[in-house]
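Me: Please take a close look with me at one helix-to-helix contact, and then carry on to whatever connects with it. I am new to this, so explain each word as you go.

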There are 2 protein chains.
Amino acid sequence: MNVEYLNPFIKSTVNALSTMACLEPSRGNPYLRKTGQKIECDISGTIGVAGEASGSVTVSFSESVARKIVENMLGIQVDSLNDDVKDAVGEIANMIAGGAKGELSEKGYSFKIALPVVCIGKDHYTEYPKDIPCVVIPFSVEEGAFYVEICLKVDDNGK
Amino acid sequence: MNVEYLNPFIKSTVNALSTMACLEPSRGNPYLRKTGQKIECDISGTIGVAGEASGSVTVSFSESVARKIVENMLGIQVDSLNDDVKDAVGEIANMIAGGAKGELSEKGYSFKIALPVVCIGKDHYTEYPKDIPCVVIPFSVEEGAFYVEICLKVDDNGK
């Protein structure tokens, strides 16, 4: 995957977390997910992408990191993966994909984004079509790591 | 949600299961998912939808139903949610959304579909944006129930 596609997602992730929760996540090195490698999490938000680029963007959190984000957003203690947390994870996924969409369309890659789907379940993980590269961008905040997985097939002819 | 949008998804679900696994699922009555209602499952496939209609289509299976489908497809015993099962669930989601897309575009609603995302985890469930209606279509095969959840915002002005 061209780094040209990756940077807008990194920027929009940092922007989403700082805007919504006043958190400044640090970023680890992106890597290509190997077959069988699982990013286990407790709550994830996925946005489908369709157009000249098609695929998905998923952001995955442990329960403690997701709760911390919402505690920062709302200024109250959050004891479970309640509706506020689910809404926030959907909105973060939306901001990540939406922010990257804006920047990528300026570069000539236009696509539409779907609505967020939030998945809740202890230690669940997601899989993507095997023939499409999936890049994992690890981030961390004080409470732990979270991950953005970008699985995109780009139609370069469409540019 | 207009029944005009719903029928193509019902038809494509039955078609996917019969084509891929020689199964004839029976259909229960579709219903509007209430806030807080959870469709728990062990493996689900989601496809994002973007365009004049935007949202998502999710198909959810228990482990036993998902394994049965793949046993029927491959003619071998399947003991776990292995790669064959994950691929099959992604492909079923793809066939459901892709089949409905064809029929809906003939009715004047055009949209693009993203690539499938398969989520694996004991008793996980999915949530969608609260302001968009989510219709659940229950199906069953001999081994148990499975569900198709359609969460679509339709831009009628675009028709």
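Reply: Let's begin with a word: two axes are oblique when their angle is not under 35 degrees (roughly parallel), over 145 (roughly antiparallel) or 65 to 115 (roughly perpendicular). This is a predicted model, in which local features need pLDDT of at least 70 and side-chain atom pairs pLDDT 80 or more, while totals for chains, interfaces and linings use all residues, and side-chain values use heavy atoms, without hydrogens and water. Residues are numbered from 1 along each chain as its sequence is written, with chains lettered from A and ligands numbered from 1 in written order.

Find chain B first. Its helix α1 covers residues 3-21 and its helix α3 residues 83-106; the two pack at an angle of about 140°, with their axes 8 Å apart. (Helices are DSSP runs of H or I with at least four residues, strands are E runs of at least two, numbered from the N terminus; axes are fitted to C-alpha atoms, for helices over the stretch in contact, with angles from 0 to 180 degrees between N-to-C directions.) α1(B) and α3(B) are therefore oblique to each other.

Which residues of the two helices make the contact? From α1(B) come Glu4(B), Tyr5(B), Pro8(B), Phe9(B), Lys11(B), Ser12(B), Thr13(B), Ala16(B), Leu17(B), Thr19(B) and Met20(B). They meet Ala88(B), Glu91(B), Ile92(B), Met95(B), Ile96(B), Ala97(B), Gly99(B), Ala100(B), Glu103(B) and Leu104(B) of α3(B), where contact means heavy atoms within 4.5 Å. Sorted by class, this contact of α1(B) with α3(B) has 13 nonpolar, four polar and four charged residues. (Ala, Val, Leu, Ile, Met, Phe, Trp, Tyr, Cys and Pro are nonpolar, Asp, Glu, Lys and Arg charged, the others, including Gly, polar.)

Stay with α3(B) for a moment, and pick out Lys86(B), which is found in this helix. Is Lys86(B) buried or exposed? Its relative accessible area is 10%, so Lys86(B) is buried (buried is under 20%, exposed over 50%, partly exposed in between, with a 1.4 Å probe and protein chains only). Leaving aside neighbours within four places in sequence, Lys86(B) is in contact with Tyr125(A) and Glu127(A) on chain A, and with Ile43(B), Leu81(B), Val118(B) and Ile120(B) on chain B.

Now step to helix α2 of chain B, residues 63-74, where Ala66(B) sits. The C-alpha atoms of Ala66(B) and Lys86(B) are separated by 8.9 Å, with their positions 20 residues apart along the chain. Ala66(B) counts as buried because its relative accessibility is 2%. Beyond neighbours within four places in sequence, Ala66(B) touches Ile43(B), Phe61(B), Leu81(B) and Val85(B).

Next come the rings. Over all chains, the structure holds six aromatic pairs (rings of Phe, Tyr or the six-membered ring of Trp with centres within 6.5 Å; planes under 30 degrees apart are stacked, over 60 edge-to-face, the rest tilted). In one of them, the rings of Phe139(A) and Phe146(A) have centres 5.2 Å apart and planes at 10°, so this pair is stacked. Phe139(A) counts as buried at 2% relative accessibility, and Phe146(A) counts as buried at 0%. Ring pairs also join these two with Phe61(A) in a cluster.

Another pair brings us back to α1(B): Tyr5(B) and Tyr109(B) are edge-to-face, 5.1 Å from centre to centre and with 90° between the planes. Tyr5(B) lies in helix α1 of chain B and Tyr109(B) in the loop between α3 and β5 (111-113) of chain B, so the pair ties together parts that are 104 residues apart in sequence. Both Tyr5(B) and Tyr109(B) are buried.

Finally, visit chain A. Gly99(A) has its place in helix α3 of chain A, residues 83-106, and at 34% relative accessibility Gly99(A) counts as partly exposed. Its C-alpha atom and that of Thr13(A) are separated by 8.4 Å, although the two residues are 86 residues apart along the chain. Setting aside neighbours within four places in sequence, Gly99(A) is in contact with Ser12(A) and Asn94(A).

Chain A also has helix α1 (residues 3-21) packing with helix α2 (residues 63-74) at an angle of about 50°, with axes 8 Å apart. That makes α1(A) oblique to α2(A). The residues in contact are Leu17(A), Met20(A) and Ala21(A) of α1(A), and Ile69(A), Asn72(A) and Met73(A) of α2(A). By class, the contact of α1(A) with α2(A) has five nonpolar, one polar and no charged residues.
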